[in-house]
Amino acid sequence: MQPDPFLPYAYEQFIKPAFPNPGTAMDLAGGIGRHAIWLARHGWQVTLVDISEVAIAKAQENAEAYRNRITFQCADAAQFKAGRSKYDVLLVFFYLERKVFPELINALRPGGVLIYKTYTELQPRLGKGPTHPMHLLKQNELLRAFSQLNVLHYEETIRDRGVAQLVARKS
Ligand SMILES: C[S@@+](CC[C@H](N)C(=O)[O-])C[C@H]1O[C@@H](n2cnc3c(N)ncnc32)[C@H](O)[C@@H]1O
């Protein structure tokens, strides 16, 4: 089970230099665990949140030897309150719930890093994936939403998918 290539890239470029020792992370809407497990393999303690019991059960099975480094929470991310300054790293891949943006900023520790990648409104041009505007980022939307963080990387691309990817750090 491979992570999205943006995670290993962001890890090498931004996470490892900022956190030479593994810390704590949350993977919001983490699905069957491909990113949470990848971070756990790199020594991180990870909380995986997903609304689907089926996905959580599969993630637990997939985690194998790394299961004890992952806390699995079946919860609605839209209602999720992580608490203040809880995590060194937050991951959100292919999930968009705008209500949760302030909570993500709140949940990051000072110095903590947010990695966010999901579809943009260009995706429907490719004739696959989500089509509802609720699930599609507008141009530069992540930049605006997380403008109070320091943006380390931002890119919007339309190759095999129409996506935006952001790495941003809390002061
Ligand atoms: C496209 S999958 C992405 C999974 C994972 N982030 C990845 O990239 O492999 C979207 C995930 O969001 C979860 N999800 C949808 N609505 C949710 C909600 N309100 N709260 C938490 N998870 C949710 C789904 O169960 C699914 O696992």
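The exercises below, each with a worked solution, concern a predicted model.

**Exercise 1.** Determine which strands pair with strand E7 (residues 162-169), and in what sense.

Solution. Start with strand E5 (residues 108-119): 7 bridges join E5 to E7, and the two run antiparallel. Within this pairing, Lys 117 has Gln 165 of E7 as its bridge partner. Next take strand E6 (residues 150-158), which is also antiparallel to E7, with 8 bridges. Here Tyr 154 is bridged to Leu 166 of E7. Finally, look at the connection: 3 residues lie between E6 and E7, and the two strands form a hairpin.

**Exercise 2.** Decide how far E7 is enclosed by the rest of the structure.

Solution. Count the buried residues of E7: 7 of the 8 are buried. The strand is therefore largely enclosed by the rest of the structure.

**Exercise 3.** Compare the expected span of helix H1 (residues 6-18) with the distance between its end C-alpha atoms, then locate its bend and its buried residues.

Solution. H1 has 13 residues, and at 1.5 Å a residue it should span 18 Å. The end C-alpha atoms are 17 Å apart, which agrees. The helix bends by about 45° at Glu 12. Its buried residues are Phe 6, Leu 7, Ala 10, Tyr 11 and Ile 15. Their cover includes helix H2 (34-41), strand E4 (87-93), E5, E6 and E7.

**Exercise 4.** Describe the shell of residues around the ligand.

Solution. The ligand is surrounded by 15 residues, the closest being Ala 29, Gly 31, Ile 51, Ala 77 and Phe 93. Sorted by type, the shell holds 9 nonpolar, 3 polar and 3 charged residues.

Note on methods: Residues are numbered from 1 along each chain as its sequence is written. This is a predicted model: local features need pLDDT of at least 70, side-chain atom pairs count only at pLDDT 80 or more; totals for chains, interfaces and linings use all residues. A residue is buried if 20 or more other C-beta atoms lie within 10 Å of its own, exposed if 12 or fewer, and partly exposed in between; C-beta atoms are placed from the backbone. Helices (H or I, at least four residues) and strands (E, at least two) are DSSP runs, numbered from the N terminus. Two strands pair if DSSP finds at least two bridges between them. A residue is near a molecule or strand if its C-beta atom, placed from the backbone, lies within 6 Å of it. Ala, Val, Leu, Ile, Met, Phe, Trp, Tyr, Cys and Pro count as nonpolar, Asp, Glu, Lys and Arg as charged, and the others, Gly among them, as polar. The expected span of a helix is 1.5 Å times one less than its number of residues. The bend at a residue is the angle between axes fitted to the seven residues ending there and the seven starting there. Two residues are in contact if their C-beta atoms, placed from the backbone, lie within 7 Å.
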